[in-house]
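Please examine the sequence and the three-dimensional structure shown below before reading on.

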Amino acid sequence: MQEESSIRQEQARRATEEQIQAQRRQTEREKAEIERETIRVRAMAEAEARAHEAKLAEDVNKRMLVERANAEREKWVSAINTTFEHIGGGLRAILTDQNKMVVAVGGVTALAAGIYTTREGARVVWSYVDRILGQPSLIRESSRGKYPWSGFFSRGLSSLSRGGGGGVATQNGKNAFGEVILNPSLQKRIQQLAGATANTKSHQAPFRNMLFYGPPGTGKTMAARELARKSGLDYALMTGGDVAPLGAQAVTKIHQLFDWAKKSNRGLLLFIDEADAFLCERNKTYMSEAQRSALNALLFRTGDQSKDIVLALATNRPGDLDSAVADRIDEVLEFPLPGEEERFKLLKLYLDKYIAKAGARKPGFFSKFFQKEQQKIEIKGLTDDILREAAAKTDGFSGREVAKLMASVQAAVYGSENCVLDPLLFREVVDDKVAEHQQRRKLAGNEGGD
């Protein structure tokens with residue numbers, strides 16, 4: 001009985017302690033709830049107070065801005081009224097006084113005459129400076145600036161970046177002519193010519209003139225530009241078709257062109273594209289007297305070997321050139337249509353340029369603010385085997401046609417929904433362009449037959 005009594009007492013004590021602990025936990029929960037509610041109420045009160053203060057500050061700022069705007073408006077209105085009062089008083093004084101009217105009219109006339117004379121004089125002086133120092137109008141593109149002082153710093157920085165050397169830069173395993181993909185034998189010969197031209201310049205020996213001929217779009221202009229750069233020469237491009245419209249002024253422009261070219265301290269490669277347009281046979285019946293005079297002027301300026309100018313002619317029809325012009329040529333280079341391996345390299349080159357790097361922003365601090373970012377093109381499954389397949393299909397394509405093909409691929413990708421280039425889309429565009437190329441050849445053959 002004592003054991004049972006002690007057990008009952010122990011159980012009662014434990015129940016009492018558990019009840020006390022439960023009441024204590026309940027009290028702590030109620031206390032925590034009260035504290036959370038207090039914090040919430042305090043936060044709401046503080047937020048309402050801050051909102052009220054912000055509203056009051058906004059009202060004050062608005063009222064100050066309105067008052068300031070009214071004050072500015074009143075000041076400007078007062079200034080305008082005062083100005084018009086002075087102008088009106090001056091006009092009344094001039095209109096009522098004949099002597100003042102004569103002086104005012106004379107002053108305005110003298111001012112207008114002075115402005116006109118200054119403007120016309122500056123125009124005459126600038127035209128004289130432009131004619132003496134400026135770039136000839138026949139030049140369409142040049143590595144030299146339009147004036148002797150233009151591009152001074154950029155040329156200095158570029159020469160420092162090249163290490164001051166003007167020789168031929170060789171790259172192991174890479175194309176040394178940038179985007180110019182040529183037949184290996186032709187490319188090797190151009191590199192040899194670049195090295196020979198650089199050594200000719202360093203030894204103050206006469207330059208050798210060149211003739212580039214071949215179908216359109218085979219890289220003649222790009223090769224001439226790169227040859228000049230690798231040789232350390234300046235570069236200038238003109239088109240033979242620009243000479244005929246000059247008429248009687250063609251001779252003067254030709255002499256101005258050669259005088260300007262001789263002023264280059266580094267030597268200049270003068271590239272004449274479509275040379276047969278005004279350097280054709282002089283016994284042609286359709287050749288005007290002005291064209292004959294322009295041809296004679298160029299023959300006169302190129303009669304002797306020059307130490308300042310490299311003359312590079314480009315034509316699709318070398319047989320049409322005048323015999324005297326052909327006699328001025330020292331090196332003849334044929335630019336054939338690219339073979340399958342060259343077309344494969346061109347496809348890879350323009351795939352990287354038009355597809356892989358499409359949308360890449362040019363480096364510059366302000367470009368990220370003013371240039372709209374283009375959508376990136378995702379390339380899926382386009383392997384070298386697919387490119388070689390396209391190179392085999394594009395037999396007869398020129399380098400320019402391959403570039404236009406990849407530009408069409410880019411346009412097709414941008415016209416798709418997901419901006420993804422896959423083998424199916426690539427093959428579709430290639431097949432379309434191959435069909436267009438064959439159609440053009442067929443039309444050209446029919447026109448030739450007719």
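The following paragraphs treat the sheet, the nonpolar cores and two loop residues in turn. The structure is a predicted model.

The sheet is a suitable place to begin. It is open and consists of six strands in the order 1-3-4-5-2-6, with mixed pairing. Strand 1 (141-142) and strand 6 (331-334) stand at the edges; each has a single partner strand, and therefore one side of each is left without a neighbour in the sheet. In general, the strands of a sheet pair through backbone hydrogen bonds, in either a parallel or an antiparallel manner. Strand 4 (residues 268-273) and strand 5 (residues 309-315) run parallel and are joined by five bridges. Within this pair, I272 has L313 of strand 5 as its bridge partner. Helix 5 (residues 220-231) packs on the sheet, where it touches strand 1, strand 2 (210-213), strand 3 (234-239), strand 4 and strand 5. The direction of helix 5 makes about 175° with that of strand 4.

The bridge partners I272 and L313 also lead to the interior. Which residues touch the most other members of the largest nonpolar core? They are M238, L270, I272, F278, L279 and L313, in a core of 32 residues. At least two residues of this core come from each of strand 3, helix 6 (250-261), strand 4, helix 7 (289-301), strand 5 and helix 8 (323-327). Helix 6 gives the most, namely six residues. The surroundings of I272 can be described in detail: when neighbours within four places in sequence are left aside, I272 is in contact with M238, G240, F278, L298, L311, A312, L313 and A314. Another core, of 28 residues, lies apart from the largest one and includes F344, L382, L405 and V434.

Two loop residues remain to be considered. Q204 lies in the loop between helix 4 (184-202) and strand 2, and C419 lies in the loop between helix 12 (399-415) and strand 8 (420-421). The phi angle of Q204 is near 55°, a positive value in a residue other than glycine. For C419, phi is likewise near 55°, again a positive value in a residue other than glycine. Is each of these residues buried or exposed? Q204 has a relative accessible area of 54%, and is therefore exposed, the cut-off being over 50%. C419 has a relative accessible area of 3%, and is therefore buried, the cut-off being under 20%.

How values were computed
Residues are numbered from 1 along each chain as its sequence is written. This is a predicted model: local features need pLDDT of at least 70, side-chain atom pairs count only at pLDDT 80 or more; totals for chains, interfaces and linings use all residues. Side-chain values use heavy atoms; hydrogens and water are left out. Two strands pair if DSSP finds at least two bridges between them. Helices (H or I, at least four residues) and strands (E, at least two) are DSSP runs, numbered from the N terminus. Contact means heavy atoms within 4.5 Å. Axes are lines fitted to C-alpha atoms, for helices over the stretch in contact, and angles run from 0 to 180 degrees between N-to-C directions. Buried means under 20% relative accessible area, exposed over 50%, partly exposed in between (1.4 Å probe, protein chains only). A nonpolar core is a set of buried Ala, Val, Leu, Ile, Met, Phe, Trp, Tyr and Cys residues joined through side-chain atoms within 4.5 Å.
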